[in-house]
Amino acid sequence: MSEFIIKTTVLVCDDDKSHLFIMQQMLESNDYIVELAEDGMIALERFRLNIPDIILLDVNMPNLDGFGVCEAIRNQSHGKDIPILMITGADDHESIAKAFECGATDFLAKPINWSMIPHRIKYMLKNRDNLLSLKNSQERLKNLAYFDSLTGLPNRQLFEEKSTSLFEISKRTNTFFAVAIFNLDNFKRINECLGYIKGDELIQHIANKFSANVRKYDVVTRNQTLDLSKNIARIGGDEFSLVMPNLKTEFDAINLCRRIAHSIATPIKLKDYEVVITASVGIAVFPSSGKDLNLLMKNADIALHNARAKGPGNYEVYEHDNRIRVDNPLKFEQCMRNALKTKEFEIYFQPKVGIHSGIINGSEALLRWDSKELGTIPPTEFIPIAEENGLIIELGDFVLNKVCESLQIINKTLQHKKTSISVNVSGQQFCQDDYIDRVKRIIANSSIDPCQITLEITESFMMDKVQASIEKLKDLKILGVKLSIDDFGTGYSSLSYLKSFPVDELKIDRSFIINIAKDQKDVGIVRSVLGLANSLSLETVVEGVETHQQIEKLTELSTEQEINIQGYYFYKPMPFDDFLSVINQPSSLVRFLIK
Ligand code: C2E
Ligand code: CA
Ligand code: CA
């Protein structure tokens, strides 16, 4: 059998033909393949056609000199590691320095000792091989440090590094960010019964299921497809994690995790066996489950622990820990009082959009508390406590003042147009003897038109205090503000009372909307509330609309009338500056309706 030897190719570039000739003789007699170039341009052309193993370059040549050739080769991806030997004049220190600057590997000064050239080439090639093998082992080490060898997925180290940058992007873009940890239930049992080889095989199958499920993930709320396949990691023997940036709602994360868990639970064929394994999942979502990545990872772990306690195949989303509130209500109250002084409370704005016109018809002001000490606390948690300890009065005034201030700024930027902002009013506020005076004073202190404020009062509160409510609502109407019944449908309104309430708007509660695309009962309820609002000439807002299917159904139900949509489908609540730019967008069909 003949042995196949790969010969080394040397590209020699020199404008002195006698040098080229000698070089060729010398190298060919040492078994090298030689390519010759008589000037720099030819050398580059030869390099392009056939990449050599090593290049010998004369410095001084007409047109393109040796430095130019060397630089041009180094700038090409194939030319980075090729050894280049530059031939310089004797004692020409300047050229030697410049040769190295241009990327030469070594130099040879004239007069040339021809017999030494083959040795020099051999030495340079050996150096190149050493360098390449060092690079390869560095690459392998990097792979070992960052990837799991069984599945090829990123390991915990890479996962954490990657999550950090994705987390920062989500924070900047004000989108939801979630981490999930999946633990295979009773995986130990598989290893014990079928052995480690089958166990490893199973892990590989599961890794593939992960990748397949997240490669094309349709975010329903944005009609968008995300590829999250680079965001999965194997972080332990039977533990995988997934980071989900850029989500529009928390439900995106939950839906995706459920889909993965469902797919993991389908039977896996392992040669002679069919195995069914389930996964428990712990999910933590920014900002509600924690404000930094470490805390989110920790909380996803706690959620996983709770999910496993419920039994195999369950998932759990970490809810903000309210132990302080339960264990130490005084401390919670103290934090809340300080928060009012230290300006930790902020107002977010969520636009309402006309379903047929696509026009922004006002917005709702929603309170946010980002506590330095306790983390982000949702209003559903702190408002009831503020109602218990009386702080709601001060908080309510704060919100109304802020909204009036914001409206003054908006009025200036929008000039002739006017928009309205809805403010939530708690029962305790409404019951204060001086409530009407407070509202009057705050509005009078600003230059806004009272009809730019809509006060939202929940249906259940109004029903509780029917008679007193009607009188007070009438007084508020005299001030010129608009009135809205919030969470409509949950408070058992009697139709006869509804007729006598001097209100302008009904807000249909989110609980009737969640399943409206599939549940005929919800369709019936919403249809009759829309009919009722229409016959009483009330404006209608539908809350909590998140999906395209919900919008389609609501469009179908509202052919006779314009209804306003408030939900993540269009906008999440946002800080004032973002809100201002949304309503100032000249391209969007924005009109401001005040009837
Ligand atoms: P609400 O008055 O019913 O406000 C609507 C809630 O639904 C807001 O929750 C809003 O962020 C949320 N939401 C809007 N669109 C969607 C959606 O598409 N999907 C889902 N899942 N939720 C959506 P938020 O801001 O957490 O407020 C919760 C409640 O806290 C409010 O319910 C209101 O009762 C109370 N609240 C908020 N701000 C204030 C305030 O300034 N004063 C008083 N008294 N209560 C407030
Ligand atoms: Ca409301
Ligand atoms: Ca509501």
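Which helix and which strands each supply at least two residues of the shell around ligand 1? In this predicted model, they are strand 16 (360-371), helix 13 (379-389) and strand 20 (482-488). Strand 16 makes the largest contribution to that shell, with four residues, and the points below turn to the residues around the ligand, to its polar contacts and then to one helix.

**The shell around ligand 1**

- There are 22 residues around ligand 1, and those that come nearest are Gln-350, Arg-368, Asp-486, Glu-546 and Tyr-568.
- By residue class, the shell around ligand 1 consists of nine nonpolar, six polar and seven charged residues.

**Polar contacts and cover**

- Asp-486, which is among the residues that come nearest to ligand 1, has a side-chain N or O atom 3.0 Å from an oxygen atom of the ligand.
- Asp-487 also places a polar side-chain atom 3.3 Å from an oxygen atom of ligand 1, whereas for Val-545 it is a backbone N or O atom that lies 3.5 Å from an oxygen atom of the ligand.
- Taken on its own, ligand 1 has 780 Å² of accessible area, of which the protein covers 84%.

**Helix 14**

- Helix 14 takes in residues 392-414, which is 23 residues, and because each residue is reckoned at 1.5 Å, the helix should span 33 Å; the 32 Å between its end C-alpha atoms agrees with this.
- The residue that follows helix 14 is Gln-415, which has a positive phi, near 50°.

Methods: Residues numbered from 1 in each chain as written. Chains lettered and ligands numbered in written order. Predicted model: local features only at pLDDT ≥ 70, side-chain atom pairs only at ≥ 80, totals over all residues. Heavy atoms only, no water. Near = heavy atom within 4 Å. Polar contact = N/O pair within 3.5 Å; in protein donor to acceptor, adjacent residues only side chain to side chain. Areas by Shrake-Rupley, 256 points an atom, 1.4 Å probe, with all protein chains shown as cover. Nonpolar A, V, L, I, M, F, W, Y, C, P; charged D, E, K, R; others polar. Expected span 1.5 Å × (residues − 1).
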